[in-house]
Amino acid sequence: MCVMVLTSSKDRYGYELVDRISEKFMIAEGTIYPLLRRLTKEGYFTTYLVESQEGPPRKYYQLTEDGNKYLKELVEEWKMFSRAVDQIIEEGLQLEKE
Amino acid sequence: MKKNEFINQLRAQLKDLPAAEREEIISDYEEHFRHAKEKGRTDEEVIKRLGNPKTIAKEFTADYHLGEAKANHSLPSLTRAVFASLGLGLFNLILVLVPFVAVVGFIFSLYVLSGAFVLTPLVAVAAFAWESSVAKAIFNLFVTLILAGAGMMLYAGMNRASKAVIRWFTRYLQANLKIIKGEK
């Protein structure tokens, strides 16, 4: 979900995505590329190469229309899930105080 | 480990994939190394953060076989996808392999049953040799011909049913892999 959110405002290249995700989560960076490839195969991303003057060529990931729809579903699900967890935490902590 | 070692290991572990796909994946990682170098990271650091090339390759391989199974709905490609998924987590042994063996076993036994039904008239024909009453032998033949018809229908039904089951199991496997990886 996070890689899709990151690409929803603008296209990003692989390294940029990996860097941003690994800033926030403790995961092996190498496993983000399989995810990107899968989402591309499923039609949620298209990719294009851009040669850049400073440094290596960049493979950009662009969210497709399907990808956008899927992202919205995921975000909705996530919001519902996190609201539920928040509620359980709050109720649990209140009981602890009493 | 150096960059070349990492790339070589990854390439070796991706042997199941078609060469074009494999090189695409390798070039993604090479790009990653080049960008990291720009940012002043050493190869060792980059490799440590990327993680084990074997684990990475397993993910690509499982995804590839699953994609193949989705595309051609055949038992061999589903079997490959199932076995590739086993490498991703121990509990897949229970969640994937056990139901897979059960489902395949069940389908196989129905195929055997339909085959047996189809062959029963041969037994009835052979029985003419030792059956004293001709009327009884003809009756047996009649009954076994009906059985053979039922067997053929079962076989045709099984062909369709097993395709549906393969499709269903492929979806199940996909959902299972999504849960295991937690879809970041």
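Reader: Hi! Which way does H1(B) cross H4(B), right-handed or left-handed?

Author: Happy to help! In this predicted model, H1(B) passes H4(B) in a right-handed crossing. H1 covers residues 3–13 of chain B and H4 covers residues 53–72.

Reader: Thanks. At roughly what angle do the axes cross?

Author: The axes of H1(B) and H4(B) cross at roughly 35° and come within 9 Å.

Reader: And which residues in H1(B) and H4(B) meet there?

Author: From H1(B) there are B:Phe6, B:Gln9, B:Leu10 and B:Gln13. They meet B:Pro53, B:Lys54, B:Ile56, B:Ala57 and B:Thr61 in H4(B). That contact divides into 5 nonpolar, 3 polar and 1 charged residue.

Reader: Nice. How do H2 and H3 of chain B pack?

Author: H2 (residues 19–38) and H3 (residues 43–50) of chain B pack at an angle of about 130°, and their axes are 10 Å apart. Angles over 145 degrees would count as roughly antiparallel, so H2(B) and H3(B) are oblique to each other. Their crossing is right-handed.

Reader: What makes the contact between H2(B) and H3(B)?

Author: H2(B) brings B:Tyr29, B:His32, B:Phe33 and B:Ala36, while H3(B) offers B:Asp43, B:Val46, B:Ile47 and B:Leu50. By type, the contact of H2(B) with H3(B) has 6 nonpolar, 1 polar and 1 charged residue.

Reader: Switching to chain A: what order do the strands of the sheet take?

Author: The order is E1-E3-E2, in an open sheet of 3 strands with antiparallel pairing.

Reader: Why do E1 and E2 of chain A each have one side without a neighbour in the sheet?

Author: Strand E1 (12–13) and strand E2 (45–50) of chain A are at the edges and each has a single partner strand, so one side of each is left without a neighbour in the sheet.

Reader: How many bridges join E1(A) and E3(A)?

Author: E1(A) pairs with E3 (residues 58–63) over 2 bridges, in the antiparallel sense. Within that pairing, A:Tyr13 stands opposite A:Tyr60 in E3(A).

Reader: Where does helix H1 of chain A lie?

Author: H1 (residues 2–9) of chain A lies across E1, E2 and E3 of chain A, and it runs at about 90° to E3(A).

Reader: Last topic! Where does UniProt place the "transmembrane region" feature in chain B?

Author: The unreviewed UniProt entry places it at residues 81–102, 108–130 and 137–158 of chain B. In the model, residues 108–130 of chain B are 87% helix and 0% strand, with end C-alpha atoms 33 Å apart. Residues 137–158 of chain B are 100% helix and 0% strand, and their end C-alpha atoms lie 31 Å apart.

Note on methods. Residues are numbered from 1 along each chain as its sequence is written. Chains are lettered from A and ligands numbered from 1 in the order in which they are written. This is a predicted model: local features need pLDDT of at least 70, side-chain atom pairs count only at pLDDT 80 or more; totals for chains, interfaces and linings use all residues. Side-chain values use heavy atoms; hydrogens and water are left out. Axes are lines fitted to C-alpha atoms, for helices over the stretch in contact, and angles run from 0 to 180 degrees between N-to-C directions. Helices (H or I, at least four residues) and strands (E, at least two) are DSSP runs, numbered from the N terminus. Angles under 35 degrees count as roughly parallel, over 145 as roughly antiparallel, 65 to 115 as roughly perpendicular and the rest as oblique. A crossing is left-handed if the near helix is turned anticlockwise from the far one by less than a right angle, and right-handed if clockwise. Contact means heavy atoms within 4.5 Å. Ala, Val, Leu, Ile, Met, Phe, Trp, Tyr, Cys and Pro count as nonpolar, Asp, Glu, Lys and Arg as charged, and the others, Gly among them, as polar. Two strands pair if DSSP finds at least two bridges between them. UniProt positions are given in the numbering used here, feature names are shortened, and annotations may be inferred rather than shown by experiment.
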